[in-house]
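Hi everyone, thanks for making time. I'd like to walk you through a structure that's probably new to most of you, so have a look at it first and then we'll go through it together.

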Amino acid sequence: MYKRKDSYFNKAKQQGYRARSSFKLLEIQEKYKLIKPKDTVLDIGCAPGSWLQVVKKLTSGFILGIDIVSVKSIKGVEFIQQDINDFKTEKKFNVVLSDIAPKTTGIRNIDQQKSYDLTKQSWDAAKTNLKKNGNFLVKTFQSQETQILVKEIKPFFKLVKTYVPKATRESSKEIYIIAISFNPS
Ligand SMILES: C[S@@+](CC[C@H](N)C(=O)[O-])C[C@H]1O[C@@H](n2cnc3c(N)ncnc32)[C@H](O)[C@@H]1O
């Protein structure tokens with residue numbers, strides 16, 4: 001497990017990414033092509049900014065990151081320091097990403113519930129701010145509620161999948177919901 005952790009950590013450092021999570025997005029992008037060259041992208045829970053670094057390489061479109069903690073600036077990327085719960089914008093995006101995660105307590109039920117709430121808030125933001133045919137990617141801690149959320153999201157997209165990237169730590173309970181081609185109803 002530690003070998004795996006070290007290899008992604010070192011790879012991130014070598015390639016100038018701020019966090020190993022960059023490789024999760026790169027892997028998902030390779031498989032599902034969520035982000036296209038001119039797409040506008042909202043990245044929820046973006047600190048320290050490694051997904052923003054990846055997104056910047058993939059699109060020339062407008063990129064907005066939001067997090068409760070600050071992010072060292074990235075050229076060509078806008079950032080708002082705010083709780084996702086308070087986030088409101090008139091802007092619409094081609095892609096909404098959310099790698100949001102709570103501060104964990106180590107108590108599984110509490111952490112799952114907190115993660116579920118954040119995932120749900122990300123979905124609310126995506127539902128409001130996604131353009132037609134847009135894509136949505138969100139992280140959640142696996143629980144009984146994961147499938148309930150998937151069921152709720154499914155009718156709004158052409159395709160909805162769950163996926164655990166290779167770069168995820170073996171001990172982690174996180175899973176990503178990938179939703180392709182939004183159709184607001
Ligand atoms: C795993 S990190 C994201 C890593 C990021 N994708 C990257 O590659 O750099 C999860 C982030 O969610 C943020 N977060 C947690 N609760 C939040 C909330 N209510 N509103 C906005 N961001 C939140 C945390 O501050 C943390 O930075």
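Okay, let's start with strand E1. Val41 and Asp43 point one way from this strand, Leu42 and Ile44 point the other way, and all of them are buried. Before I go on, please keep in mind that this is a predicted model.

So where does the chain go from E1? It crosses through H3 to E2, and that β-α-β crossover is right-handed. E1 spans residues 41-44, and 4 bridges tie this strand to E2, with the two running parallel. If you want a pair to look for on screen, find Ile44, which sits opposite Ile66 in E2. E1 also has E4 as a partner: again 4 bridges, again parallel. Over there, Val41 stands opposite Val95 in E4.

Quick reminder for anyone who doesn't stare at sheets all day: strands in a sheet pair through backbone hydrogen bonds, and they can do that parallel or antiparallel. We get both kinds here.

Let's zoom out to the whole sheet. What is the order of the strands? Reading across, we have E3-E2-E1-E4-E5-E7-E6, an open sheet of 7 strands with mixed pairing. At the edges stand E3, residues 78-81, and E6, residues 157-163; each has a single partner strand, so one side of each is left without a neighbour in the sheet. From one strand to the next, the twist averages 10°.

There's a helix packed on this sheet, too. That's H2, residues 22-32, and it touches E5, E6 and E7, with its direction at about 40° to that of E7. Which residues of H2 are buried? Ser22, Phe23, Lys24, Leu25 and Ile28. Then, just after H2, you hit Lys33, which takes a positive phi of about 50°. Hold that thought, we'll come back to phi in a minute.

Next up is E5, residues 130-141. This strand is mostly covered, with 9 of its 12 residues buried. On one side, E5 is joined to E4, residues 93-98, by 5 bridges, and those two run parallel. You can spot Ser98 opposite Val138 in E5. To get from E4 to E5 the chain passes through helix H4, residues 108-129, and here as well the β-α-β crossover is right-handed. E5 also pairs with E7, residues 174-182: 6 bridges there, and this time the strands are antiparallel. In that pairing, Phe136 has Ala179 in E7 as its bridge partner.

Now for the backbone oddities. As a rule, most residues other than glycine have a negative phi, and most peptide bonds are trans. With that in mind, look at Asn133 in strand E5. Asn133 isn't a glycine, yet its phi is positive, about 70°. Is Asn133 buried or exposed? It counts as exposed, because there are 12 C-beta neighbours inside 10 Å, and 12 or fewer is the cut-off for that.

Over in strand E7 we have Ser181. Its phi is positive too, near 70°, and again this is a residue other than glycine. Ser181 counts as partly exposed, with 14 C-beta neighbours inside 10 Å.

The other oddity is a cis peptide bond between Ala47 and Pro48, with omega about 0°. Pro48 lies in the loop between E1 and H3.

And Ala47 takes us to the ligand. How many residues surround the ligand? There are 23, and the closest are Gly45, Ala47, Ser50, Ile84 and Asp99. The elements giving two or more residues to that shell are helix H3, residues 50-58, and strand E2, residues 63-67. If you sort the shell by class, you get 13 nonpolar, 6 polar and 4 charged residues.

One last stop: Phe62, in the loop between H3 and E2. Phe62 is partly exposed, with 16 other C-beta atoms within 10 Å. Its C-alpha is 8.1 Å from that of Glu78, and the two residues are 16 apart along the chain.

That's my tour. If you take one picture away, make it the open sheet of 7 strands, with H2 packed on it. Happy to take questions!

Definitions and conventions: Residues numbered from 1 in each chain as written. Predicted model: local features only at pLDDT ≥ 70, side-chain atom pairs only at ≥ 80, totals over all residues. Near = placed C-beta within 6 Å. Nonpolar A, V, L, I, M, F, W, Y, C, P; charged D, E, K, R; others polar. Buried ≥ 20, exposed ≤ 12 C-beta atoms within 10 Å, placed from the backbone. Pairing = 2+ DSSP bridges. Right-handed = clockwise from strand over helix to strand, strands pointing away. Axes fitted to C-alpha atoms, helices over the stretch in contact; angles between N-to-C directions. Contact = placed C-beta atoms within 7 Å.
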